[in-house]
Structure formats: C-alpha cells, structure tokens
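Work through the exercises below with the model open. Each task is followed by a solution in steps.

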Amino acid sequence: MENVHIAPVVGPEIDSGYIRIEGDRIVSLGAGPAPEGGGDRIDGTGCLATPGLVNTHHHLYQWASQGLAQDATLFEWLVSLYEVWAAMDAEVVHGAASAGLGWLALSGCTTSSDHHYVFPKGRGDLFAAEIEAAREIGLRFHPARGSMDRGESQGGLPPDVVVEPLEEILTATHEAIRAYHDPSFSSKLRVAVAPCSPFSVSAELMTEAAALARAENVRLHTHLAETLDENEHCVEQFGMRPVDYMEKLGWLGPDVWFAHAVHLSDGDIAKFAATGTGSAHCPSSNGRLGAGIARVSEMLERGANVGLGVDGNASSELTTMAGEMRQALLFQRARYGPTALTARQALEIATLGGARNLGRQEELGSIEPGKLADLALWRVDGAFGSAVADPVCQLVFGTRQPPLARLLVGGETVVEDDELRTVSQDAVGRAGARARDRLLRRAADRGFSAAKEVHS
Ligand SMILES: [Zn+2]
C-alpha cells in the first residue's frame, strides 16, 4: 500500500507513505515511496489508512428485531423483546449475523465480538450459526457464549422461558471454548465467557463462569452499570452497587471487559484503572435507551481502558463502527466541553482500545511492524469530503463516513470500493431482512406482543 496518509494510532502520522504487508502481517511502514519488491501493490493516493476498527460489544441476532419498543427504557425494552427473541432459531441467527457483520465490515470494522445470551432449546446450534456467518464474511470474530439463569421466578428480569439451568450453561460454554477457541497470534476466532448481566444471572453462575474462563484462559464479558434501574436492582437485591458486586464475585481484572459502564463512581473508575478492567462504550445505544453518558474522558485520563461497541441493533438500529467514533466524541464534548475527546482519541478507542478489551493489543489495533494486516483505507479526496483539511477529522467528525476504498483482514480484501468482496452484499442484506420476517412471524405465532405491535 503506497502514497497514503497513515494514521497508525501508535507513532507519528505520515502524510504520504507506504505500508508493506507480507502474508497476514505488517512488516514495515514509512514516509515516501514503498521499497522495491513485495507482492501486490495497492495505490492509496487520496486515501487515509487507519487500523481496522474493533467492535467490542454486539448482539448480532438483534439485527432481526430492529425498530421495536422505540421509546422504552432498558428494562421496558428487554421485557418487550425477550419473548420475541425466544422465537429465534439457527436460521434467524445466521441471517442476522451475516447482515450485521457485513454492515460492520462496510463501516471499517475488521474485528468484532458478539455477545449471544439467548439459547431457546431445540432450535439448532445458534453459536455455530454466527461463527459460520463470520467465516463467510471474513471478519476476525470473538463470539462470547452468553447465558441467563435467573428468570422471573428467581427475582430476575427475564421470563423463565429464555433462561437455562446453570449446569447446562457451564457445559455448553465449556464445549464452545473447546470446539472453537483459537489462541494463536493470527487467530480469527476466539471465544469469551459472558453471563448476561447482574439482573439476569445468579451470583453462582457469575462465580463459576469466572472460574471456567480462567481455567481455560479465555476472557470474561458482561453488561454492567448500564442504567440507574440496574443500580437500584443491585442495591435492593445484593445490598451493593454493580461494580462492588462484581468485585465481590471476582470479576475485576485485566481479563474482563464490561459493556456500557455508564454509571460509575470515582471509586469504580479507580478500580477499573487499578485492575486493568476494560469497558465497551456504546454511545448510540446509551442515547437510544436514554441510559446516560459514560465518563469516558475521565476513564481515559485515569488510565482505565475504553473500547467502542455498536451494541445489538435492536437498541442501536443500523449503527456503524465509523459513526460510533463520532457519537462518542459528541457525547463526551456535550458533557465535558470541546477538549474532552479528540478525533485521534476517538480513533484510538475504536482501534487499540478495542484490541485491549479483547486481549489482542499485541496483534491488533495499530499500524506497526509485526502486527496483523487489518487495515481500513478511506477515500478522503472525494468532491465534498476533500474540503476538510484533516483526513482524520473528516473520518470522525462527519455524519457520513468517507468511502471505504479497501478493508483488509490479515492482508485479505473483505471490502473494496464500498462493496463486500467475500460474499454477495445483496445476498447478506436480504438474509438479514428474511431473518427479521422469520423471527417476527415465529414470535407472532407464539402470541407475543412486541411482534404484534409491528404487524398491527
Ligand atoms: Zn448489550
């Protein structure tokens, strides 16, 4: 790749330079023309190269349930949707994950996690279905085997129909790790352990899940401190706030990243920084559900790691990874003033911050020799966009992302000129719409109200 403006995230930016790739790795970068030799050359004239964006919180199945419960709080929204999700099967998950991952790739994302926590019985292998979709699209994938064991009858929020028994959860999670987790440097598939949230999971499952993850050397993920309702639930049911509760259960540490972390105290932020606990900031979802604005700039100042997440599309319809940088920047500035988060910091949390959440900071998240060649090449010389003097500003500040000239995952092209190259873009888009039709039809057949709301 040559003649390109490089924003490597680590190290100085280069106005016009080259990135040399061999196999799936970056071997060198620098100013001026590329040295002779090497394989294919990509001309990056008029383009900005950034590390591929890393999405650290998602629920891909939710692609099939967008646009429902539009004006609800988190708890109202969940109660409306749990029973729709109870109707999903492997076909729904495959179609939704294909469209969701295709959408992410088109917005510059090269690595995505997913948090799948609804496993109705007898519907096929839902976890395998999303892994297959990620393989087809060609993204690096970190699926987290989620779970819920505390239904309504146990004081939890979800109806009993969507929870699983604790023993079955642990067995299935262990099997998922054994079947799919690849710890290698170049890995395109790593599994995490992810009970859903304090209000849908027992303390015993949280503790056992942490023990399992640590025995298998995989990472831990859950939702935390998303809303004030959750705070109240934790104080009422456990006698303490969410972060204190997770600390008590052994859930702070460098192998843990939490989704949201909106309602943190100064002490909570200090604990995250001291223990290396990460968080996935999901500003569009937090805005959509009226959850609040996370203290991202304070967390960064105090040394706590922050990555970005689009969150499930049912609470962040059609949100893109590139757009989430802008949303993060605007939220922080609205709360703290215009120096709260710079365009470069927004790019850093979307790349290196995300890589740290996933434990992949040695391999991903910046353009450095030895790292994997996961790169996004943005066309910044378009007729309108080129009016912005700074290409990183153009990428982060604009509502409409610059055209994506190329997306490389491990040196392989996944997107070229805003078009998926690994699969048919039309086909995955249609698969997402079919997944929605199928899910809502199945949910309506079961008599559930949120689906009726859409059909009425
Ligand atoms: Zn979520």
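**Exercise 1.** Is Cys282 buried or exposed, and what is its relative accessible area?

Solution. The model is predicted; local features need pLDDT of at least 70, side-chain atom pairs count only at pLDDT 80 or more, and totals for chains, interfaces and linings use all residues. Residues are numbered from 1 along each chain as its sequence is written, and side-chain values use heavy atoms, with hydrogens and water left out. Buried means under 20% relative accessible area, exposed over 50%, and partly exposed in between (1.4 Å probe, protein chains only). Cys282 has a relative accessible area of 0%, so it is buried.

**Exercise 2.** State how many disulfides the structure holds, and account for Cys282 and Cys393.

Solution. A disulfide is taken as a pair of cysteine sulfur atoms within 2.5 Å. Searching the whole structure gives 0 disulfides. For Cys282, the closest cysteine sulfur belongs to Cys109 and is 13 Å away, too far for a bond. For Cys393, the closest cysteine sulfur is that of Cys47, at 17 Å, which is also too far for a bond.

**Exercise 3.** List the donors of the zinc ion and classify their arrangement.

Solution. Donors are N, O and S atoms within 2.8 Å of the metal (3.2 Å for Na, K and Ca); water is not among the atoms, so sites may look incomplete. Coordination comes from NE2 of His57, His59 and His223 and from OD of Asp311, at 2.1 to 2.5 Å. Along the sequence, the spacing of these residues is H-x1-H-x163-H-x87-D. Two of them, His57 and His59, are buried.

Next, the angles. Four donors count as tetrahedral if all angles lie between 85 and 135 degrees; four count as square planar and six as octahedral if opposite donors are over 155 degrees apart and all others between 65 and 115; anything else is irregular. Here the 4 donor atoms subtend angles of 87 to 176 degrees, so the arrangement is irregular.

**Exercise 4.** Describe the surroundings of strand E10.

Solution. Strands (E, at least two residues) and helices (H or I, at least four) are DSSP runs, numbered from the N terminus. Two strands pair if DSSP finds at least two bridges between them. E9 (residues 220-224) runs parallel to E10, joined by 5 bridges, with Thr222 opposite Phe258. E11 (residues 278-281) is also parallel to E10, through 3 bridges, and Phe258 stands opposite Ser279 there. Finally, 5 of the 5 residues of E10 (residues 256-260) are buried, so the strand is largely enclosed by the rest of the structure.
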